[in-house]
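I sat down with this one and a cup of coffee to see what I could look up. Here are my notes, in the order I made them.

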Amino acid sequence: MTTTSSATMPHASASGTWLLGGDLAVNRIGFGAMRLPQRGEALVENAVPRDRAEAIAVLRKAVELGVNHIDTAAFYFSPLRSANELINSALGGPYPDDLVIATKVGPGRDLSGAWIEHARTPAALRAQVEENLRQLGRDHLDVVNLRVLGTDSIAERFGALAELREAGLIRHLGLSNITPAHLTEAQAIAPVVCVQNMYGIGVRPEYEDFVRLCGEQGIAFVPFYAIAAAGRQSGATTSESPEVLAVAEAHGASAAQVRTAWTLHQGPHLLAIPGTGDPAHLTANVEAGALRLTPEDLTLLNDLHRTPEAG
């Protein structure tokens, strides 16, 4: 799986497709832009900016490999580098017709990179939407996910985004880091096309029913940290389980590819958004969309997933 010649480059379409909101067709292997602006840990003040040419080359290669779903946010930046503006520079003018860009609002960072209070008022959320539009060079956003902290009501915040959707600034709405109750609350206001929650092998097994519920309702489930697991924004797992390594060896794949493939095997509505700034890792991530796990593999990995100390 991990040695691919230029004559047999993988294509994201091998992962299958999903209709976001019933009208935006995306390949199920996408690209997460969180790691793009820097080397090392993301979302920290002293991040080391990634080489601009390297970042732009990775984005263009992703599209060449069939990636047509990019997940980003205005708060994905390091000194000198912004994920949104890199995306605009690499792919805008004009953007590919089939490219779907999903972004998030709610969290915010000041110019130094320090976190600030979440946007909770309609005015603050509109300002974040407009900032994403400016950075991406778009007149509308394909998908905007409301990122949530805690269990408080999201009715006012989601309602504000629904008004921007009605005004034509947003095409579809999603939710991130939520509970099933949040989803029900939001659906009473406007359609929800995707849910982004942390999920992966051994990560939040209690979400299994929620993942299934989303599929039954035609809502895409888009896990974050599906590969990194406990490593989160540092991008690396602290250790890898023998079960994942055994499946990887059987398929001639990497542990990261197995984790991505497992994600896609959880249902046709699962969308993977692995992120990287490395061209070789990008190719391997896309290649994972073609990895077909056996029933025995899935039994082994599902048992690991449901073990409390897994991941």
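**Entry 1: around helix α2.** I began with the surroundings of α2: its buried residues are covered by elements that include α1 (52-64), β6 (69-71), β8 (81-82), β9 (100-105) and α3 (122-136). I kept in mind that this is a predicted model.

Next I listed the buried residues themselves. In α2, which runs over residues 83-91, they are A83, N84, L86, I87, A90 and L91. They span an arc of only 160° around the axis, so they sit on the same side of α2. A reminder to myself: an α-helix has 3.6 residues a turn, so residues three or four places apart point the same way.

I also looked just past the end of α2, where G93 has a positive phi of about 75°.

**Entry 2: the sheet.** I then traced an open sheet of seven strands, paired in parallel, in the order β3-β6-β9-β12-β13-β14-β15. β3 (31-32) and β15 (220-221) are at the edges with a single partner strand each, so one side of each has no neighbour in the sheet.

At the β15 edge, I checked the pairing with β14 (residues 194-196), which is parallel and runs over two bridges. There V195 stands opposite F221 of β15.

**Entry 3: a pocket.** My last stop was the second largest pocket, with a volume of about 360 Å³. I found 21 residues lining this pocket, and A74, F77, R109, E131 and Q135 lie nearest its centre. α3 gives the largest share of the lining, four residues. By class, I noted seven nonpolar, eight polar and six charged residues in the lining.

Key. Residues are numbered from 1 along each chain as its sequence is written. This is a predicted model: local features need pLDDT of at least 70, side-chain atom pairs count only at pLDDT 80 or more; totals for chains, interfaces and linings use all residues. Side-chain values use heavy atoms; hydrogens and water are left out. Buried means under 20% relative accessible area, exposed over 50%, partly exposed in between (1.4 Å probe, protein chains only). The arc is that of the directions from the helix axis to the C-beta atoms. Contact means heavy atoms within 4.5 Å. On a 1 Å grid over the protein atoms alone, a cavity is a set of points where a 1.4 Å probe fits but cannot get out, and a pocket is an open set with protein on both sides within 12 Å along at least five of seven lines; lining residues have an atom within 4 Å of a point. Grid points are joined across faces, edges and corners, and a volume is the space filled by probe spheres set on the points. Ala, Val, Leu, Ile, Met, Phe, Trp, Tyr, Cys and Pro count as nonpolar, Asp, Glu, Lys and Arg as charged, and the others, Gly among them, as polar. Two strands pair if DSSP finds at least two bridges between them.
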